[in-house]
Amino acid sequence: MAVCLAGGLTTMLDNSVLNIAVPALRSSLHAGATQVQWLVAGYSLAFGLALIPGGRLGDERGRKPFFVAGIAVFFAAGLLASTVRIAELLVLLRLLQGAGAGLVNSQMIGTIQDVFTGPERTRALGLYQVTCAVGIALGPPIGGALIAAAGPDWGWRLAFLVSAPSGLVTLVLAVRHLPPPRRSAGRADLDPVGLLLVGAMTLAVMLPFIQPSSGTGKLLWALAACALAGLFLLWQRRYAATGHRPLLHPALARSAPYTLGTVVAMGQFGASLASGLVLVMFLQDGLGLSPLAAAAVTLPSALAMAGVSAVAWRVVQRIGRHVVALGLALAVLALLLSGLAGRYAPVGWLPLVLAAGQLCSGAASGLSVSPNQAAVLRHAPAEAAGVAGGILQMSQRIAGAVAVSAVSGIYLHGAAGPGADPRSAYWHAVLACTALVTLSLTLAVLTGRRTQPPAGSHLPSARTSPRTAPGAARAASEGAEV
């Protein structure tokens, strides 16, 4: 668990530091809007596409070698990124860094699946979420302080080095403490065609938001994405019929709670990632705040997320499946508060009101993220633990890549050029995020109804002692996770 927490801290710290440094990086390298979108969205895309093969390799061969390789790639790419002077090269290094982070995270989720069950898994995921929230909380003030002290040209380079010490510590811990890899005579079935189709489908959705195109061009991209989605489903059936293991495990494809819960996670994660990035750009480019002041506005979100994630498992035991919907409803309200404040609040009060909105957003994420993860992963078979976690995270990261491309495009096109109005652009970007979270909320309510026990049935108390009634305790834990 300590190795998993160290890996989560390292990858999240790097991501949150870079978000606060994006305006400085953009100015230093003279990067355009397209390059900025690729810097953030490309990382999420590479992260997501590395999760499934990483999870499957971990299931087949053991998690240690792939965890070590992933953290080494992540560490080396970060060091090289701090030295570049060309935006396109930095994009390539961020893609490589995202792939390394995806390989690491697939092993972390698989390890938690292997070690913990029932309420303990919910608590472990909550602890992992707390650690990630700590990394998110530490990143903005550290990045803001570095840019303030070293200036924009050197500050963003130093920001890439922030995760280097924790990355090195994580590498040492993994080598010493993770169990040795399994010996397997077989060959891991990675379904490369399925993975290629998923990547192509994601690019077909992303590119219209990154590359300017006409209405006809966007329609063609949409048709291409639909065609690729159909090809992916046909390929999965054919691949399974030949006795191979498709990218999407058949048991997962047949599980409505797993599918709906994954879509809920996609909307929540994509909106959270996109709204956080747009807020940082609005605070610095639109309102003229320093990186350190912008970090102070975003800090309440990470602190609230850490605090609420630590006790979310207790809330799950009390109100069960409703906790995810409660968190998402709070997220919708927080986004609307932030968007309306950005559009209409007096400039002098705006940072304070936005900080209050961030506090609510962080609490909402703490209530919804780890309980939803536990409920989704509960429906994964033991032989596909790593793949199930990988599919969940891959879906989230791909949703994050698409959401960041779309929402940052809305903001950048509205905040630049003649007649630009950053406040109006921020409002429209937040409305897009609100629509995503509202979709997640609707699906979370539907998921809760599908998993509701039949009328007249009674779940045992979640407090039942496993020593006196192991079967009842197990049923209670499953009910609590739902």
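Q: Before we start, what counts as a helix here?
A: A helix is a DSSP run of H or I with at least four residues, numbered from the N terminus. Note that this is a predicted model.

Q: OK. How many cavities of 30 Å³ or more does the structure hold?
A: It holds 7. The largest has a volume of about 880 Å³.

Q: How does anyone find empty space like that?
A: A probe the size of a water molecule is rolled over the atoms, and that shows where empty space is left.

Q: Which helices each supply at least two residues of the largest cavity's lining?
A: H1 (2–28), H5 (118–161), H10 (256–286), H11 (291–319), H12 (322–344), H13 (350–377) and H14 (385–415). H10 gives the most, with 9 residues.

Q: And which residues lie nearest the centre of that cavity?
A: Ile136, Phe269, Ser272, Leu273 and Met305. The whole lining has 39 residues.

Q: What classes are they in?
A: The lining has 20 nonpolar, 18 polar and 1 charged residues.

Q: New topic: H6. How many residues does it have, and how far does it reach?
A: H6 covers residues 164–177, which is 14 residues. From first C-alpha to last, H6 reaches 20 Å, close to the 20 Å expected.

Q: Which H6 residues are buried?
A: Ala164, Ser166, Gly167, Thr170 and Ala174.

Q: Why do they line one face of the helix?
A: Look down the axis of H6: the buried residues fall within an arc of 160 degrees, so they line one face.

Q: What do they pack against?
A: H1, H3 (64–81) and H5.

Q: And which exposed residues sit on the face turned away?
A: Pro165, Arg176 and His177.

Terms used
Residues numbered from 1 in each chain as written. Predicted model: local features only at pLDDT ≥ 70, side-chain atom pairs only at ≥ 80, totals over all residues. Heavy atoms only, no water. 1 Å grid on protein atoms, 1.4 Å probe; cavity = no way out; pocket = protein on both sides within 12 Å on 5 of 7 lines; lining within 4 Å. Points joined across faces, edges and corners; volume = space filled by probe spheres on them. Nonpolar A, V, L, I, M, F, W, Y, C, P; charged D, E, K, R; others polar. Expected span 1.5 Å × (residues − 1). Buried < 20%, exposed > 50% of the residue type's maximum accessible area, 1.4 Å probe, protein only. Arc of directions from axis to C-beta. Contact = heavy atoms within 4.5 Å.
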